[in-house]
Amino acid sequence: MSQTLENLLREDRTFPPPASFAATANARPGIHEEAASGYLAFWRENALSRITWFKEPTEVLDDSNAPFFKWFADGELNLSYNCLDRHLAEHGDQVAYHWVGEPGDKRTLTYAEVAKEVNRLANGLRSLGLVKGDRVALYMGMIPELPIAMLACARLGLVHSAVFGGFSSEALSSRIIDASARVVITQDGAWRGGNVVPLKANTDRALEGTPTISHAIVVKRTGHDVDMVEGRDIWWSDLVEGQSEECDPVPLGAEDPLYILYTSGTTGKPKGIVHTQGGYLAGVTTTHSYVFDVKPDTDVYWCAADIGWVTGHSYIVYGPLANRTTGVIYEGAPNYPDFDRLWSIVAEYGVTIFYTAPTAIRSFMKWGDQYPAKHDLSSLRLLGTVGEPINPEAWVWYHLNIGGERCPVVDTWWQTETGCIMITPLPGVTATKPGSATFPFPGFFADVVDDAGNSVPLGGGGYLVITRPWPAMARTIYADDQRFQETYWSRFPGRYFPGDGCKRDEDGYFWLLGRVDDIMLVAGHNISTTEVESALVSHPAVAEAAVVGRRDEITGQAIAAFVTLKASVTGDDELLSTLREHVADTLGPIAKPRSIVFTADLPKTRSGKIMRRLLKDISENRQLGDVTTLANADIVSEIAEMATQSTED
């Protein structure tokens, strides 16, 4: 990493844990040292205390066939039982989910009610001939039936494979084919931004080339007419009608597969990440409890991700329900019918813990401080971020405008492949720095290494690696062990390489820099797109920025920036010049963007991730790649037109 780009490592704003929060925090000082000194004992204790086992494991880690590690392998359990049944005797009337539909409809479901619906669906699935190990694809929006479907699969030992409802029919088809799924569960449609996403029509197109599918189960959500194929398609309501509300959970081995989740943004053959039962549940329950400081009897917890992504699997469904947490699920868009939609929900339900993505936070900044200010957010006591490195200025805005300067902010790093949060502050214990994910969670071990795999001293940067196995880790890529080994374990033998760049400051804090693919080589200097984006967003006129490197005959790569301005700010040549100089002053002259394009929006997937690949295509005048997964595909052509008119140094 460039020695001239140390601004982020000099971030000197530190936020110690509030004393009042620390006094009652789940995490206590010394927990990192305790876990480090007895790594396997730490995970054994958490697995036994947080999970109800049908057969308690006698072994913790089997590392005899690395990197295909096994955790708690001789134990037996059922995740549906852990998420539901064990709570019912004393807490069946506790709310499991407050659900808010986009058009304004609402449902509140207790643990007892969720359990009954899960059992009815499980019996319905069994009636279709499904047996342990069969794969079930889920192509749904954010409705209660989605976690119910996941838990029904888990109850029977079926392996669910959720496909994000914003993906195309082609993406759905490729995932069904790869997993050889027997059944798909979908909806007539889903609400998003006042419009209907045609999930059933997309499913019909996908199933034209998926011979393994025997049935499509369809939830009535939007009520519009859809085609139902006789003998294949069945309404959810018809399937569960008359089914018993009792269904014994199937005892499963700790290493039996729980789900397959395909990583987003992959090219070629889909990459199905396989997670198993026992280690995964140990990881998500432990991290959920400590990272979010969850108090099951009093908290209202809202992870504002989509269940179609791993964040939703781990921190909307399995972790929170196993920890007996009351949660919120919202179906629609954050800016519909107005820009204060999320804050109105926080106020209405008294949300105490809120977890969202930096992309969303930057959108909130762009829309304006007045929207959260319209609502009483005093119930909030903890905030979290997930999905990508957060710009320090976005972190501070979140802390001030949403958290009222009283809420600890937990900036978390992890992946689909890790299964649970890996690097994070512990609220009540860790002093935070805006933009830093701070330190590995207790019982996890990370390092920053150079090209040769040597550990980089504090103050330097390189590649993030995980140095020891962990319980919630992916076990393989579905039906492709060799690809799993080559993708994650070959770059630095014996260590897991997630593909991310990272720096550590002199205090040992980790600063994630994003994918190593997002490291630009400018005149011999390695410059992270995250660093330049953070510098741009730190200017008061900028709401959001995306940066890519494009080919340059002289410098190898040149920095191209795409900037969204805050409301009421006008982009002109003077501001262009100001922003270039601002980046140069912040990071050094080498980081000054060669070009800046002002745009009303940035191309994003429906999960909120900026598609820098498309911006790189625009910058290099290439034919644009696939835009089918974008939430705002029209903006791409607009940016391309503006890019031809942009001025450069």
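Me: Let me get one thing straight: helices (H or I, at least four residues) and strands (E, at least two) are DSSP runs, numbered from the N terminus. So what kind of model is this?
Reply: This is a predicted model, where local features need pLDDT of at least 70, side-chain atom pairs count only at pLDDT 80 or more, and totals for chains, interfaces and linings use all residues. Residues are numbered from 1 along each chain as its sequence is written, and side-chain values use heavy atoms, with hydrogens and water left out.

Me: OK. How many disulfides does the structure hold?
Reply: The count is 0, taking a disulfide as a pair of cysteine sulfur atoms within 2.5 Å. For Cys153, the nearest cysteine sulfur belongs to Cys247 and is 12 Å away.

Me: And why is Cys407 without a bond?
Reply: Its closest cysteine sulfur is in Cys303, and at 17 Å that is too far for a bond.

Me: Is Cys407 buried or exposed?
Reply: Cys407 is buried, because its relative accessible area is 1%. The cut-offs are under 20% relative accessible area for buried, over 50% for exposed and partly exposed in between, with a 1.4 Å probe and protein chains only. Cys153 counts as buried too, at 0%.

Me: Let's look inside. Which residues touch the most other members of the largest nonpolar core?
Reply: Those are Leu125, Ile185, Trp236, Phe292 and Tyr318, in a core of 115 residues. Helix H6 (residues 145-156) gives the largest share, 9 residues. By nonpolar core I mean a set of buried Ala, Val, Leu, Ile, Met, Phe, Trp, Tyr and Cys residues joined through side-chain atoms within 4.5 Å.

Me: What does Trp236 touch?
Reply: Leaving out residues up to four places away in sequence, Trp236 touches a set including Leu121, Met140, Glu145, Ile148 and Ile185. Contact here is heavy atoms within 4.5 Å. There's also a second, separate core of 29 residues, with Val328, Leu342, Leu380 and Leu383 among them.

Me: Switching to Thr203: where is it found?
Reply: Thr203 sits in helix H8 (residues 199-206). Thr203 counts as buried, since its relative accessibility is 0%. Apart from neighbours within four places in sequence, Thr203 is in contact with Tyr139, Leu172, Val184 and Thr186.

Me: Now sheets. In what order do the 4 strands of the antiparallel open sheet come?
Reply: They run E21-E22-E24-E25. Strands E21 (446-449) and E25 (510-515) stand at the edges with a single partner strand each, so one side of each has no neighbour in the sheet. From one strand to the next, the twist averages 40°.

Me: Over how many bridges do E21 and E22 pair?
Reply: Over 4, in the antiparallel sense, with E22 covering residues 461-466. Strands pair if DSSP finds at least two bridges between them. One example is Val448, whose bridge partner in E22 is Leu464.

Me: And which are the edge strands in the E28-E29-E30 sheet?
Reply: Strand E28 (542-552) and strand E30 (595-598), each pairing on one side only. This is an open sheet with mixed pairing, and the twist averages 20° from one strand to the next. Strand E29 (residues 556-565) pairs with E30 in the parallel sense over 4 bridges, and Phe562 stands opposite Val597 in E30.

Me: Which helix lies across E28 and E29?
Reply: Helix H13 (residues 358-367) does, running at about 125° to E28. Helix H19 (residues 612-619) packs on the sheet as well, touching E28 and E29, and its direction makes about 55° with that of E28. For these angles, axes are lines fitted to C-alpha atoms, for helices over the stretch in contact, and values run from 0 to 180 degrees between N-to-C directions.
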